[in-house]
Structure formats: structure tokens, C-alpha cells
Amino acid sequence: MTQKPKLLNTQEIKTYLANGGIPVISVIIQKGTKFDRKYILSLARKYKNSNASRYVYIWNLVDGIINYPEQEGQIIYIGQSSAKKVFDRLTHEIAKENDKGNDQCSNYTLTLLYHKGVPLKLCVYFVTNNTSPEIVESSLHLWHIKRYGSLPIASGASTKNRSLTDIANTSSEFPITI
């Protein structure tokens, strides 16, 4: 039986993030501005040959509030990448169009908010070699559940079984009586 990895407490998370938990990149991404989806593509080109390859990243609402069960919050997604192409991954999370995309990396909720013109803050953190990005991401998810009462709203919004195209082709009318 595989042993569950130890999750990190708040202080340990800060320890395993470079700069004590201060993002290496913090930028507001918004459609129709110079910091749009194409800007993330420029970051992908800029950091293409970077030696740093272990990141966690957080997408936040800039202006809005989410009514989570425990308290209001602004975090909408927590992700990670242990590949050198973290910014390539980020460019796939927001699809070119809000109703097309079979890429399992495209996130329906992030894409929908972006194409509605909602400003989204992206914070990227470098993870030190002392732990894996997956453990930091899982620990941040656990923290979010404890503090807010659920996972961030965009977590799990799209998977290989729920692509943007699948979601766009689904009726919004609930199919059963409750």
C-alpha cells in the first residue's frame, strides 16, 4: 500500500517556497489589456531556458469576492508544475475561446472569467528543491478547504473527462428533478 505524503503546515509551506512565499511573478491578467493571454505567452518565451522548473501558482479575483462556505475569499485556482514549461501550461489554462478546447489543461472557469473581461491576478512561486510542487499544491488545497470550507471554485472545473468543448455542448438545464 502506498503511503500518503506528509502535507505541510503554513510555516513549512513558506519555508519551501523561494523568497519566503513572495511570488517570483505577480501580474494582473485581463482580456483587452497589454497584460492579456498573449502576455503569458511572452513569459513562456522569456523563461523558456530558465533552470527553475518547480512552481506553484495561484489565480485570484482582483475585484470580486467568492462566497465560500466558511468565509469570503478571492482565490479561484491553485496549481503546480514540475516541468520547465510552467508558463506554457499557464497559457493552456486559459483557452483562446471560451467555448472551444479539448485540451485537458484548459480550465473552464478561468477561461470563462478571462473572456468576460474579469481581471485575474496570477502569482507564481518557485518551489525549492527540498520538496515537490505536488506536496505544496496539496497542502495549499488543504489550507484553502480549512479556511474557506471548500476547494477554490476553478479547481477541477475541467479535466480529460470535462473539456471546454464538452461543457459548451452541455445544456444548462438541470436534467433531473430535485
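1. Ile-176 is exposed, because its relative accessible area of 57% lies over the 50% cut-off. This residue sits in the segment that follows α6 (164-168). The model is a predicted one, and the points below should be read accordingly.

2. Ile-176 does not stand alone on the surface: together with Phe-174 and Ile-178 it makes up a nonpolar patch. The accessible area of the three residues comes to about 410 Å² together.

3. Turning to the rings, a search of the whole structure gives five aromatic pairs. One of them joins Phe-35 and Tyr-39, with 4.8 Å from centre to centre and 80° between the planes, an edge-to-face arrangement. Phe-35 is partly exposed, at a relative accessible area of 29%. Tyr-39 is also partly exposed, at 24%.

4. The rings of Tyr-55 and Phe-126 have centres 6.0 Å apart and planes at 70°, so this pair too is edge-to-face. Distant parts of the chain are linked by the pair: Tyr-55 belongs to strand β2 (residues 55-61) and Phe-126 to strand β6 (residues 120-126), with the two positions 71 residues apart.

5. The two partners in that pair differ in cover. Tyr-55 has a relative accessible area of 4% and is therefore buried, the cut-off being under 20%. Phe-126 has a value of 23%, so it is partly exposed.

6. A further group of rings deserves a look in the model. Tyr-68, Trp-143 and Tyr-148 are joined into a cluster by ring pairs.

Note on methods
Residues are numbered from 1 along each chain as its sequence is written. This is a predicted model: local features need pLDDT of at least 70, side-chain atom pairs count only at pLDDT 80 or more; totals for chains, interfaces and linings use all residues. Side-chain values use heavy atoms; hydrogens and water are left out. Rings of Phe, Tyr and Trp (its six-membered ring) pair if their centres lie within 6.5 Å; planes under 30 degrees apart count as stacked, over 60 as edge-to-face and the rest as tilted. Buried means under 20% relative accessible area, exposed over 50%, partly exposed in between (1.4 Å probe, protein chains only). Helices (H or I, at least four residues) and strands (E, at least two) are DSSP runs, numbered from the N terminus. Patches are made of residues with over 30% relative accessible area and no salt bridge: like charges are joined within 9 Å, nonpolar side chains (Val, Leu, Ile, Met, Phe, Trp, Tyr) within 5 Å. Accessible areas come from the Shrake-Rupley method with a 1.4 Å probe; for residues, only the protein chains shown count as cover. A salt bridge is a side-chain nitrogen of Lys or Arg within 4 Å of a carboxyl oxygen of Asp or Glu.
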